[in-house]
Amino acid sequence: MPNSFRSRLIIAFLLILTLMQLTTALFVLSATQRDFRQQQTQNLKIGSNVFVEMLSNRNKQLNQSLSLLSADFGFKRAVATGEQDTISSVLANHGRRINADAAILLSPQGTLLSSSLQGLTKANIDELFALTKNRSTTFEIFNYDHSSYQFVLQPVKAPTLIAWVGMGFAMDKNVADQAKTITGIDISFINQSADRVEIVSTLPTAQQQDVLAQMDQLDQTIDVVSDDVPLGYLSTTIALDNNSDNQLAVLHQSNIKWQQNYDALRNNMLLVFAITCLLAFMIAAWFAGGLTKPIYGLVNFARKVGQGENPPPIKGAPAELQVLANTLSIMRENIESRKNDLVYQSQHDNLTGLYNRVAAKQLLSQLLSKMHGNLVMIDIKNFRHLNNIIGFANADDLLVLFASRLESLSPTAQLISRLDGDSFLLLFQPGIDDQQLDNYLRLLTQPFAIQGSKITVNVRVGMVDLSRGYDSNDIDTLIRHAEIALNQARMESLSIATYQQGEDERYLRELMIIRDLPIALSQAQLHLVFQPKVDIQTNHCHGAETLIRWLHPELGFIPPDEFIRLAENSGNISIISEWVLNTTIKQLAKWQQQGISLTVAINLSAHDLTNPQLPLDIEQLLISNNLPITALSIEVTEGAVMKDAQTVIAVLQQFRNIGISIAIDDFGTGHSSLAYLKLLPVNEVKIDRSFIKDIHTDATDLMIVDTSIRLIKGLNLSVVAEGVESAEGIDILRKLNCDIIQGYVYSKPLKADDFIVWFQQFNQSNVPF
Ligand SMILES: Nc1nc2c(ncn2[C@@H]2O[C@H](COP(=O)(O)OP(=O)(O)OP(=O)(O)O)[C@@H](O)[C@H]2O)c(=O)[nH]1
């Protein structure tokens with residue numbers, strides 16, 4: 001079945017038409033057939049009546065002729081006198097006059113007196129009398145010698161009955177032809193007896209035989225018509241004698257003419273049918289073409305809409321299709337607009353309307369064809385805190401104002417995007433110089449009016465110089481470099497940091513260190529070493545400073561400064577301090593059990609020093625390990641104290657109160673002043689190695705250390721010199737009245753077991769340096 005609408009329409013049209021035509025033809029042909037048959041039957045009936053009438057007329061003719069004969073005086077005398085010649089002559093003359101085929105004279109008793117029929121028997125004569133006596137039809141047929149005769153018998157009276165005279169016509173071919181001439185219908189006379197059947201007919205010989213062969217199909221009721229006896233004829237039968245069915249007249253109405261008419265009608269109808277079909281096909285094709293053209297137009301229209309095109313409106317289409325096309329157009333517009341919305345949303349930040357990270361990356365890859373300018377990442381400092389203070393909704397408003405200010409400031413950035421939270425990425429081409437950036441940031445951080453209040457924000461900036469060479473495949477690298485720079489600014493508390501070559505590797509290393517630190521603790525990659533602290537006045541070692549070491553499986557030895565700084569920045573320092581504290585105490589307890597008493601100093605970070613609970617926890621730990629409070633001392637850097645001096649001093653005071661000794665580490669390297677020392681509850685000050693290591697050669701260092709020792713001593717604090725590497729150094733420091741020395745000159749930091757061996761040997765030998 002073809003698929004196209006047009007073909008289906010044509011087929012449907014033709015099917016309907018064919019069905020209608022076939023139905024009509026069926027009705028017409030069957031009505032015609034019925035009508036023709038009725039006409040045939042009617043013809044047959046009329047023919048039968050005419051035929052019967054014809055026989056009746058002939059009967060009358062016979063009667064009249066016999067009446068004249070029996071009234072004829074000469075004839076009566078001849079009969080009465082028995083004049084045989086006269087009788088024969090009169091009978092012959094009379095018979096000839098009416099063309100009778102048979103003439104007989106019988107005595108009143110039935111004896112044959114004269115006859116034109118040879119061999120007439122007594123039985124024949126009895127049959128004739130019987131016919132005459134039982135006369136009931138308008139004619140009587142006498143069967144003689146396998147032939148039928150229409151026969152009439154009348155009495156001859158003078159005045160009494162003197163004889164019977166009879167005459168008859170043979171039912172022969174002439175009669176049949178006559179009847180056919182009058183009725184136009186073929187006729188057959190059939191005479192059947194026990195031994196033979198005779199037929200006289202107007203039909204051709206072949207059909208005559210067919211009739212005889214089909215005798216059993218003939219119904220002898222006059223009104224009943226038999227079909228196809230013989231083939232191509234309707235036949236009706238008239239029984240000629242009353243008593244038997246031996247003599248029949250069968251009328252045959254040929255239906256050839258009717259069949260020809262019928263065939264002609266059928267053929268004409270077929271012709272009309274064919275022509276109508278052809279015409280119908282042409283009309284259907286034309287009509288379907290007209291009907292489907294706008295539909296195909298619509299299909300094309302829909303296809304183009306489906307391909308995302310905007311096709312022109314369909315012209316000349318019916319209103320319904322026009323509505324459909326318009327609906328499709330509207331649908332396309334809606335889809336387009338929704339797609340645009342989606343594209344916009346996928347590229348823009350919902351809150352500020354700036355480009356988002358995805359769009360920023362795409363745009364950067366396009367804009368980076370010009371290899372110059374600066375990529376600037378701006379982050380609002382402590383935005384989390386600000387969120388908490390002014391509330392999320394107000395912080396949102398602030399971000400919106402911040403974003404629109406970014407767009408309004410000069411120099412105008414080619415790309416302004418919000419990467420996430422409080423982080424923005426800007427591309428300046430052809431670059432922004434330091435002064436312009438300072439100015440830009442100054443204007444950017446002007447107070448924002450939020451709910452009637454003025455909110456000031458501080459920002460930090462990570463910057464990348466694009467002239468270093470990035471291409472469109474390096475966008476992720478480029479953004480990471482900006483993040484590294486920003487992170488550096490965050491770590492180093494700078495406002496602006498610019499990415500330097502190589503920082504990427506450092507950044508990755510640092511990320512790895514930060515990531516691996518917690519694992520390192522649980523997998524025992526960290527261990528403690530102990531560096532002796534020797535009292536140079538007594539030449540005795542009372543204790544050591546414990547230092548942490550990390551042997552990373554991939555990076556190897558990681559300097560403690562590096563990972564401690566990273567742990568501090570990443571907020572992991574407390575887990576290191578906790579580990580150091582626990583491990584040291586465990587080691588001290590072990591030594592204690594071995595009868596070795598000494599004081600080990602641990603380093604605490606700025607973060608640890610803001611925990612007011614720490615001194616009590618440490619005290620508790622010492623007690624629970626049966627260690628004296630003097631077993632542990634703490635070292636803190638100037639920097640750690642300065643970060644939050646008030647809180648730290650309070651915590652230090654607690655340490656002091658419970659009897660834990662406190663040392664200020666790396667003295668001289670920070671920006672603290674001696675004035676602070678006075679306020680700090682410390683016992684000891686450690687002069688940084690940078691002043692000590694060259695003390696025997698560098699007069700300035702000597703002078704600084706001398707002055708420092710004097711001042712520290714003036715505050716009643718012990719002095720520790722770090723990084724002493726030579727015996728001269730010891731001598732000088734001893735002369736300068738330094739109390740304790742820590743350095744390679746005695747020992748580098750040692751693992752616990754090595755340290756304790758060194759410790760015992762040193763104190764036993766007690767050899768002065
Ligand atoms: N109001 C608001 N806050 C957001 C939005 N997106 C992220 N934030 C918040 O922004 C803060 C960003 O935190 P951080 O990246 O630690 O930023 P910070 O507090 O400025 O920290 P530093 O950058 O180190 O100074 C988090 O508290 C987020 O919940 C936002 O759309 N609206």
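Helices (H or I, at least four residues) and strands (E, at least two) are DSSP runs, numbered from the N terminus. On that basis the protein has 24 helices and 27 strands. The model is predicted, and the exercises below work through it.

**Exercise 1. Determine how confident the predictor is in the protein.**

Solution. Begin with the average: the mean pLDDT of the protein is 88. Next, consider the spread: 97% of the residues reach 70 or more. Then add the scores for the model, which are ipTM 0.95 and pTM 0.51. A general caution applies: where pLDDT is low, the predicted coordinates should not be read in detail.

**Exercise 2. Describe the burial and the contacts of the protein as a whole.**

Solution. The protein has 769 residues, and 45% of them count as buried. For the contacts, take those between residues at least 6 apart in sequence; 64% of these join residues at least 24 apart.

**Exercise 3. Establish how helix 1 and helix 3 are arranged.**

Solution. Locate the elements: helix 1 spans residues 5-71 and helix 3 spans residues 84-97. Their axes lie 10 Å apart, and the packing angle is about 150 degrees. Angles over 145 degrees count as roughly antiparallel, and helix 1 and helix 3 are therefore roughly antiparallel to each other. The crossing of these two helices is right-handed. Finally, identify the residues that meet: helix 1 contributes S65, L68 and L69, while helix 3 contributes V90, L91 and H94.

**Exercise 4. Carry out the analysis for helix 13 and helix 14.**

Solution. Helix 13 covers residues 475-491, and helix 14 covers residues 503-522. Their axes come within 10 Å and cross at roughly 70 degrees. Because angles of 65 to 115 degrees count as roughly perpendicular, helix 13 is roughly perpendicular to helix 14. The handedness of this crossing is left-handed. On the helix 13 side, the residues that meet helix 14 include R480, H481, I484 and M491. On the helix 14 side, their partners include E503, D504, R506 and Y507.

**Exercise 5. Characterise the surroundings of S226.**

Solution. S226 lies in strand 8, which comprises residues 226-227. Its relative accessibility is 7%, under the 20% cut-off, so S226 counts as buried. Leaving aside residues up to four places away in sequence, S226 touches Q217, L218, D219, Y233, L234 and S235. As for H252, S226 is separated from that residue by 26 residues in sequence and by 9.5 Å in space, C-alpha to C-alpha.

**Exercise 6. Characterise the surroundings of I709.**

Solution. I709 is placed in helix 22, residues 699-714. Its relative accessible area is 1%, under the 20% cut-off, and I709 is therefore buried. Leaving aside residues up to four places away in sequence, I709 touches I687, V719, L733, L736, N737 and C738. One of these partners, C738, counts as buried at 0% relative accessibility. V685 lies 24 residues from I709 in sequence, and 9.1 Å separates the two in space, C-alpha to C-alpha.

**Exercise 7. State how many disulfides the structure contains, and classify C541 and C738 as buried or exposed.**

Solution. A disulfide is a covalent bond between the sulfur atoms of two cysteines. The cut-off for such a pair is a sulfur separation within 2.5 Å. A search of the whole structure with this criterion finds zero disulfides. As to accessibility, C541 counts as buried at 1%, and C738 counts as buried at 0%.

Definitions and conventions:
Residues are numbered from 1 along each chain as its sequence is written. This is a predicted model: local features need pLDDT of at least 70, side-chain atom pairs count only at pLDDT 80 or more; totals for chains, interfaces and linings use all residues. Side-chain values use heavy atoms; hydrogens and water are left out. Buried means under 20% relative accessible area, exposed over 50%, partly exposed in between (1.4 Å probe, protein chains only). pLDDT is the predictor's confidence in each residue, from 0 to 100. Axes are lines fitted to C-alpha atoms, for helices over the stretch in contact, and angles run from 0 to 180 degrees between N-to-C directions. Angles under 35 degrees count as roughly parallel, over 145 as roughly antiparallel, 65 to 115 as roughly perpendicular and the rest as oblique. A crossing is left-handed if the near helix is turned anticlockwise from the far one by less than a right angle, and right-handed if clockwise. Contact means heavy atoms within 4.5 Å.
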